[in-house]
Amino acid sequence: MEIEKYKIEEHNQAASAAHKRAFDYISGEVKNAQAIIDKLAAFQVAIPSWALGTGGTRFGRFPGGGEPRSLEEKIEDIGLLHKLNQSSGAISLHIPWDIPKNASHIKALAAQHGIRFDAMNSNTFQDQPDQQHSYKFGSLQHVKKEVRQQAIDHNIEVINYGRELGSDSLTVWLSDGSCFPGQLNFRQAFQHTLSGLQEIYAALPSDWKMFVEYKAFEPNFYSTTVGDWGQSLLYASKLGPKAYTLVDLGHHHPNVNIEQIVSLLLMEGKLGGFHFNDSKYGDDDLTVGAIKPYQLFLIFNELVEGMDARGMDHATGLGWMIDASHNVKDPLEDLLQSVEAIMISYAQALMVDRKKLQEAQESNDVAAAQEVLQQAFRTDVRALVAEARLRAGGALNPLGVYRAEKVREHLIKERGLKTVATGL
Ligand code: PSV
Ligand code: MN
Ligand code: MN
């Protein structure tokens, strides 16, 4: 399935009068419209290979049909997204779900779609059929050396796959932890995990980064060995300059102030990667911006402020990825909505009047500070985001084109109704 360029242009043409009205209005309202458009056009968000199929819950899974059956088809799906929004030019692979059997062919296919390989993800949270030792009681934290060694070897294998594809980072998410008090010696679990991570770190190519992802709970419900940003930062600091913390928005207890965490990690030069999603309860992996758009804006506000303070390039300074997938939406529609929500929050954060905000902060003018932030958050920037997409060759309304061109119907015709993408 391919969407022809002229089709996108036809849809853009049909939508152009309404877009022009909205764009003329917003570019008159916003001081730095051109600079915002340039930044939006440069910003790419990686799509995880496992978000292209319907994510199940442990109670069931309801596949929607036409899901990618291979890594090649996953790349094709992301190619479709990227063609529509020009902002999804990267894929993040999970091994062993996405073992590239022929790396140069996979690399060439991705390049054909304008897609690069973002962080590689290892998997020591599931047992594979041909695996010698079980991860039932953890991987890098395990009390038995042979289990730890198996997990270390797996991560090194993932680095090697990534090398062949031109990736430059490894994300390590461990489900290690315990379900009951007394099950683990916390210090020993930490030390085993640290020394495993050290061995993996030593195998990193010199220009690679390692992201240590934390998560508050699930699948373990009493303790998690990399359970919060403090623990992740502790590992990353002990590991060295190529190791960073990765923030996944769903990996916090309810109401945690994630924007403050982001600000401090950036201050320390230890924020490396980001997984976007949204949640009402825990790691719900809902569409970005679906539940708490103001929180997303506040996070972007800190990202922009903190990255500017360190002179970091917004587009390349951190690893940006969506980590969302669930049961009830077409995954490609869901991803288009997620990317759109990210772009809107980013544009709003770029609009914040930093000088006014600082003045308000210096004079303890709390009401004025709130006004500055909410002035940006309440501005409808959708036409700016659409204009950036248009200039980059994408669709004014990606979701509209996706539906009008009946992409899912075509995919079902090509691939069948009962396809199951690898992933959770
Ligand atoms: C764990 O919940 C996580 O957020 C990690 O990033 C994993 O790699 C991914 O989800 C797997 O679905
Ligand atoms: Mn994640
Ligand atoms: Mn998660």
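This is a chat about the sheet, the helix packing and a few backbone details of a predicted model.

Reader: Before I set anything up, what's the mean pLDDT of the protein chain?
Author: The mean is 97, and 99% of the residues reach 70 or more. Keep in mind that this is a predicted model.

Reader: And what ipTM and pTM does the model score?
Author: ipTM is 0.99 and pTM is 0.97.

Reader: OK, on to the fold. How many strands form the open sheet, and in what order?
Author: Eight strands form it, in the order 1-2-3-4-6-8-9-10. The pairing is parallel.

Reader: Which strands stand at the edges?
Author: Strand 1 (47–48) is at one edge and strand 10 (319–322) is at the other. Each has a single partner strand, so one side of each has no neighbour in the sheet.

Reader: Let's zoom in on strands 8 and 9. Over how many bridges do they pair?
Author: Four bridges, in the parallel sense, between strand 8 (residues 243–248) and strand 9 (residues 271–276). One of the partnerships is T245 with L271, the latter being in strand 9.

Reader: What lies across those two strands?
Author: Helix 8, residues 258–267, lies across both strand 8 and strand 9. Helix 8 runs at about 165° to strand 8.

Reader: What about the loop between strand 8 and helix 8, which residue should I look at there?
Author: Look at N255, which sits in that loop. Phi of N255 is near 70°, a positive value in a residue other than glycine.

Reader: Back to helix 8. At what angle does it pack on helix 9?
Author: About 15°, with the two axes 8 Å apart. Helix 8 and helix 9 are therefore roughly parallel to each other, as angles under 35 degrees count that way. Helix 8 passes helix 9 in a right-handed crossing.

Reader: Which residues of helix 8 and helix 9 meet there?
Author: From helix 8 you have I258, E259, V262, S263, L266 and M267. In helix 9 they meet Q295, L298, I299, N301, E302, L303, G306 and M307. By class, the contact divides into eight nonpolar, four polar and two charged residues.

Reader: Helix 9 packs on helix 10 as well, right? At what angle do those axes cross?
Author: Roughly 55°, where the axes of helix 9 (residues 293–309) and helix 10 (residues 331–351) come within 8 Å. Helix 9 and helix 10 are therefore oblique to each other. Helix 9 passes helix 10 in a right-handed crossing.

Reader: Which residues meet in that one?
Author: On the helix 9 side they are P293, L296, F297, F300, N301, L303 and V304. Their counterparts in helix 10 are A341, S345, Y346, Q348, A349 and L350. That contact of helix 9 with helix 10 has 10 nonpolar, three polar and no charged residues.

Reader: Changing ends: how do helix 1 and helix 13 pack?
Author: Helix 1 (residues 5–29) and helix 13 (residues 382–391) pack at an angle of about 130°, with axes 9 Å apart. That makes helix 1 oblique to helix 13. Helix 1 passes helix 13 in a left-handed crossing.

Reader: And which residues meet, by name?
Author: N12, H19, A22, F23 and I26 in helix 1 meet A383, L384, A386, E387 and L390 in helix 13. By class, the contact of helix 1 with helix 13 has seven nonpolar, two polar and one charged residues.

Reader: Last topic, peptide bonds. What is omega for the cis bond joining I95 and P96?
Author: Omega is about 15° for that bond. P96 is in the loop between strand 2 (90–94) and helix 4 (103–112).

Reader: And the peptide bond from E218 to P219, cis or trans?
Author: Cis, with omega near 10°. P219 is placed in the loop between strand 6 (209–213) and strand 7 (223–224).

Note on methods
Residues are numbered from 1 along each chain as its sequence is written. Chains are lettered from A and ligands numbered from 1 in the order in which they are written. This is a predicted model: local features need pLDDT of at least 70, side-chain atom pairs count only at pLDDT 80 or more; totals for chains, interfaces and linings use all residues. pLDDT is the predictor's confidence in each residue, from 0 to 100. Axes are lines fitted to C-alpha atoms, for helices over the stretch in contact, and angles run from 0 to 180 degrees between N-to-C directions. Angles under 35 degrees count as roughly parallel, over 145 as roughly antiparallel, 65 to 115 as roughly perpendicular and the rest as oblique. A crossing is left-handed if the near helix is turned anticlockwise from the far one by less than a right angle, and right-handed if clockwise. Two residues are in contact if their C-beta atoms, placed from the backbone, lie within 7 Å. Ala, Val, Leu, Ile, Met, Phe, Trp, Tyr, Cys and Pro count as nonpolar, Asp, Glu, Lys and Arg as charged, and the others, Gly among them, as polar. Two strands pair if DSSP finds at least two bridges between them.
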